[in-house]
Amino acid sequence: MDAHEDYVWPRATSELILLPVTGLECVGERLLAGEGPDVLVYTLDFGGHLRMMKRVQNLLGHYLIHGFRVRPEPNGDLDLEAMVAVFGSKGLRIVKIGWGQGRFRELWRSGLWNMSDWIWDARWLEGNMALALGHNSVVLYDPVVGCILQDVPCTDRCTLSSACLIGDTWKELTIVAGAISNQLLVWYPAAALTDNKPVAPDRRVSGHVGVIFSMSYLESKGLLATASEDRSVRIWKVGDLRVPGGRVQNIGHCFGHSARVWQVKLLENYLISAGEDCVCLVWSHEGEILQAFRGHQGRGIRAIAAHERQAWVITGGDDSGIRLWHLVGRGYPDSGVSALCFKSCSRPGALKAVTLAGSWRVLAVTDTGALYLYDLEVKCWEQLLEDKCFQSYCLLEAAPGPEGFGLCAMANGEGHVKVVPINTPTAAVDLTLFHGKVHSLSWALRGYEELLLLASGPGGVVACLEISAAPSGKAIFVKERCRYLLPPSKQRWHTCSAFLPSGDFLVCGDRRGSVLLFPSRPDLLKDLGVGGKVGAGTGALGTGSGSGGSENALSEWGPVSTLPSLHGKQGVTSVTCYGGYVYTTGRDGAYYQLLVRGGQLQPVLRQKSCRVRAVAVWGTGTPGGPQDPRPGLTAHVVSAGGRAEMHCFTVMVSPDPSTPSRLACHVMHLSSHRLDEYWDRQRNRHRMIKVDPETRYMSLAVCELDRPGLGPLVAAACSDGAVRLFLLQDSGQRLQLLAETFHHKRCVLKVHSFTHEATNQQRRLFLCSAATDGSLAFWDLTTVLDHGCPALEPPADPGLPYRLGSPCLTLQAHSCGVNSLHTLPTREGHLVASGSEDGSLHVFVLTVEVPELEEAVGGAELVPQLQVLEEYSLPCAHAAHVTGLKILSPSLMVSASIDQRLTFWRLGHGEPTFMNSTVYHVADVADMDCWPVSPEFGHRCALGGQGLEVYNWYD
């Protein structure tokens with residue numbers, strides 16, 4: 001039963017939860033979702049719309065929901081009410097719910113029953129519940145009275161990673177247990193002659209080479225599916241598992257996931273699997289992939305459900321999202337995956353190039369020079385043409401356009417290009433553009449008005465061909481409009497192209513990683529008075545249908561704007577235009593947002609896929625400033641993480657009644673910084689040691705200065721052992737590395753800034769840094785920033801940052817890494833608290849003595865003296881890493897750990913003493929923040945990790 005705790009102060013209550021979705025179940029036309037201990041009830045319609053009916057908070061106490069089991073009704077009617085068992089971890093609760101007339105009602109609930117072991121599966125047996133527990137035992141439980149009727153263990157008392165209960169009565173109950181030995185154990189609890197006597201396994205099934213995380217049984221076909229840590233899904237022919245001694249046969253070993261597979265579910269015609277790679281795969285029972293659903297972000301998909309009548313697959317992920325997908329061949333069409341068998345006696349040769357022509361046609365070229373078309377609706381191959389010139393080397397690109405619009409281009413190593421209308425291949429046009437290899441082809445389409453084909457040849461020359469169709473639609477005309485010349489590079493060809501919306505310019509990316517802007521028409525340069533002719537060349541057009549045979553002397557035009565090596569040296573992969581901006585992606589893993597202004601390309605935003613580890617906020621306010629009462633919020637945000645990157649953004653949140661959340665959020669990128677930017681600019685960089693590209697920023701702290709003309713400082717804790725200071729100027733438009741120090745000589749985990757108000761009204765700024773060896777270092781930033789101060793040592797080489805001097809104070813607070821750090825000014829000085837990886841807390845009082853001006857002799861600098869007055873250590877404050885810490889007042893401190901406990905401590909009377917502890921639901925908490933709301937509403941605390949949870953308590 002629920003335990004009723006006595007009231008203790010302060011007592012925190014959860015106000016907001018945003019956690020991974022770990023349980024899903026369809027009940028009629030409703031969907032139950034488990035998010036932490038909460039149950040979310042949705043209505044599901046055929047159009048795929050989810051509407052939340054109710055959020056039942058804290059149904060499972062401090063346990064996370066892992067599954068739902070609906071009691072079968074004799075008439076099968078679940079449209080009005082249902083009895084549901086909700087279980088997770090060691091908790092179980094039965095709820096009777098009704099949803100007639102579109103309203104949710106909770107009719108009855110049992111107590112929260114706490115089991116002695118982890119619950120892996122639950123099943124209704126004639127009003128009672130059968131539970132498969134974590135150490136290979138089965139319990140028959142009366143959920144109304146709350147008592148155990150039977151408890152039967154297996155002789156093999158191993159730890160389980162999954163289990164599946166089969167049967168409708170205790171007599172026929174079968175358990176398939178997934179042991180940590182990677183085996184499946186099949187046994188029958190009713191075989192126990194007396195209570196509590198162990199039962200031996202009837203069968204042991206081996207096959208997986210990793211832990212089995214999930215299993216599903218389909219009684220109608222006698223199939224069992226298992227999902228494992230080895231990234232595979234296995235399908236077993238097991239027959240009726242309720243009959244002992246049956247044969248088990250592995251009929252499918254399915255690989256399709258790139259990471260661990262968390263969930264598997266068998267349907268009548270499909271098998272659904274989902275895993276850590278955030279992909280949900282739909283398989284046939286023969287092991288063929290039919291569909292692949294991608295969309296979730298985060299660490300994976302934790303829960304799956306299916307509504308077979310409406311052909312829906314429902315997934316819940318670590319990103320707290322629920323997504324609906326349609327099964328292939330039923331309902332709405334989706335992203336079906338089909339195997340196209342090409343090998344045949346009537347189709348000699350092997351495939352050399354393949355491309356999509358729209359969404360339902362595939363083009364392919366073989367090593368015999370034959371061009372084939374595959375129609376996904378007709379499901380057959382058709383040969384369009386054969387040309388021996390394209391046997392050894394061939395490029396193939398299909399033109400963009402509406403469905404049914406069919407053009408493709410082929411190119412070879414001798415400068416030949418063939419433009420082929422897919423619907424009338426006999427009207428193909430042959431061209432000879434170069435006396436050498438064609439390196440690349442790309443199409444550029446502007447609405448229905450203009451279509452260009454760009455072909456790169458030797459020497460960086462790009463031929464621009466204009467394609468038009470005859471009025472009859474049965475012939476095409478190809479005319480060479482102009483030629484462009486790429487900047488010199490070793491690999492000198494373009495990779496992609498796109499029209500600007502106005503149609504005046506073409507944006508191209510090249511193999512060197514540069515983004516180039518070319519005029520789409522040569523006469524445009526004369527109108528704008530920019531750019532110019534680079535050189536003269538001869539473009540010889542071969543004879544073919546719709547083209548002349550004469551040779552035209554064409555000028556080679558250079559780009560009017562160039563962003564050299566924007567994507568490094570690996571090349572640009574795509575370029576597109578949307579909303580007035582140009583977006584480019586590259587093989588360096590980054591994408592850019594560009595703006596064309598005055599005929600010049602200007603970078604606006606750069607993003608690269610890397611994990612954000614630290615965020616700092618400064619300059620919060622309202623959209624209209626202090627004098628404007630308009631509601632909203634503005635702030636500057638600095639984010640940093642892997643790949644030694646840091647970005648500065650401005651964020652504005654304002655009311656917007658047109659959005660579901662009634663809020664609109666606008667984010668603008670201001671500036672960015674990479675540690676290896678200086679290395680990239682050096683001429684002799686091959687002789688220098690490059691900054692480690694895997695350097696990570698572990699923590700950030702904003703140090704706001706009170707000096708006019710100087711923006712805030714951003715202090716960064718770095719994995720390479722450095723503490724770095726960055727200067728933000730021009731309201732965040734410029735981010736400059738100012739100084740660094742390698743004092744710690746090991747990974748720096750945390751930085752924190754604080755100010756000291758001296759008796760002479762002088763305000764001094766300090767920085768505290770903590771490393772993996774448990775040491776703390778304190779730096780006087782005010783002295784560092786004084787003009788001409790010797791604390792900043794000049795750099796070893798021009799262009800490198802200054803070197804920060806020695807710290808004012810170092811302290812060995814812990815024996816291992818410090819993950820949390822906070823300070824609070826008091827009458828005696830500053831109260832400093834730190835939390836470590838070993839679960840310990842360290843609290844001490846720090847005094848700061850600043851010499852008066854009269855005490856400085858001979859113009860010596862005023863260096864403050866830092867001393868420790870009182871010092872206390874709590875070795876076993878938490879059972880795991882302390883990742884969040886906040887001193888709320890001189891008498892109260894709160895800490896959070898990955899042991900999922902929020903703990904309050906009393907300060908000011910010697911050693912900190914324990915007051916109260918609350919269990920929260922966020923796993924792997926990375927940080928915590930607390931702030932006062934008002935005297936009426938007390939404090940709020942936000943915990944962030946694998947999810948987000950906000951607590952409130954009253955003072």
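This is a short tour of the structure above, with a selection to make at each stop.

**The whole chain**

Start with everything shown as a cartoon, and keep in mind that this is a predicted model. The protein contains 3 helices and 75 strands. It has 955 residues, and 53% of them count as buried. Switch on a surface and you are looking at about 43,300 Å² of accessible area, with 51% of that belonging to carbon and sulfur atoms. Among contacts with a separation of 6 or more, 47% join residues 24 or more positions apart.

**Colour by confidence**

Next, colour the chain by pLDDT. The average for the protein is 85, and 88% of the residues score at least 70. Which strand has the highest confidence, and which the lowest? Select residues 261-266 for the highest: this is strand S23, with a mean of 96. For the lowest, select residues 533-540, which make up strand S45 and have a mean of 38.

Now widen that last selection to residues 530-552. The pLDDT stays under 50 here, and the model has 59 contacts beyond four places in sequence for this stretch. Residues 1-7 also have a pLDDT below 50, with 7 contacts beyond near neighbours in sequence. Where pLDDT is low, the predicted coordinates should not be read in detail.

**Salt bridges**

Show the charged side chains. A search of the whole structure finds 32 salt bridges, and a few of them make good stops.

Select Arg940 and Glu15. Their closest N and O atoms are 2.7 Å apart, forming a salt bridge. Arg940 belongs to strand S75 (residues 938-953) and Glu15 to strand S1 (residues 13-18), so this pair ties together parts 925 residues apart in sequence. Arg940 is partly exposed, at 23% relative accessible area. Glu15 is also partly exposed, at 37%.

Move on to Glu81 and Lys96, a salt bridge whose closest N and O atoms are 3.5 Å apart. What does this pair tie together? Glu81 is in strand S7 (residues 81-88) and Lys96 in strand S8 (residues 91-98), so the parts joined are 15 residues apart in sequence. Glu81 is partly exposed, with a relative accessible area of 36%, and Lys96 is partly exposed too, at 28%.

Then select Arg483 and Glu480. Their side chains meet in a salt bridge at 2.5 Å, N to O. Are these two residues buried or exposed? Both Arg483 and Glu480 are buried.

For the last stop among the charges, select Glu172, Glu219, Asp240 and Arg242 together. Salt bridges with shared partners join these four into one network.

**Aromatic rings**

Hide the charged side chains and show the rings. The whole structure has 14 aromatic pairs. Phe342 and Trp381 form one that is edge-to-face, with 5.1 Å from centre to centre and 85 degrees between the planes. Phe342 sits in the loop between strand S29 (322-326) and strand S30 (351-356), while Trp381 is in strand S33 (residues 380-386); the pair links distant parts of the chain, 39 residues apart. Both Phe342 and Trp381 are buried.

Keep Trp381 selected and add Tyr374. The centres of these two rings are 4.9 Å apart and the planes are at 55 degrees, so the pair is tilted. Tyr374 counts as buried at 9% relative accessibility, and Trp381 does at 15%. Add Tyr372 to complete the view: Phe342, Tyr372, Tyr374 and Trp381 form one aromatic cluster.

Charges meet rings as well. The charged end of Arg347 sits over the ring of Phe342, 5.4 Å from its centre. Elsewhere, select Arg302 and Trp262: Arg302 lies over the face of Trp262, 4.6 Å from the ring centre.

**Two backbone turns to check**

Finish with the backbone. Most residues other than glycine have a negative phi. Select Ser731, in the loop between strand S58 (723-729) and strand S59 (734-741). Its phi is positive, near 55 degrees, and Ser731 is exposed, with a relative accessible area of 55%.

The last selection is Gln900, in the loop between strand S71 (892-897) and strand S72 (901-906). Gln900 has a positive phi of about 65 degrees and counts as partly exposed, at 24% relative accessibility.

Methods:
Residues are numbered from 1 along each chain as its sequence is written. This is a predicted model: local features need pLDDT of at least 70, side-chain atom pairs count only at pLDDT 80 or more; totals for chains, interfaces and linings use all residues. Side-chain values use heavy atoms; hydrogens and water are left out. Helices (H or I, at least four residues) and strands (E, at least two) are DSSP runs, numbered from the N terminus. Buried means under 20% relative accessible area, exposed over 50%, partly exposed in between (1.4 Å probe, protein chains only). Contact means heavy atoms within 4.5 Å. Accessible areas come from the Shrake-Rupley method with a 1.4 Å probe; for residues, only the protein chains shown count as cover. pLDDT is the predictor's confidence in each residue, from 0 to 100. Rings of Phe, Tyr and Trp (its six-membered ring) pair if their centres lie within 6.5 Å; planes under 30 degrees apart count as stacked, over 60 as edge-to-face and the rest as tilted. A charge sits over a ring if NZ of Lys or CZ of Arg is within 6 Å of the ring centre and within 35 degrees of the ring normal.
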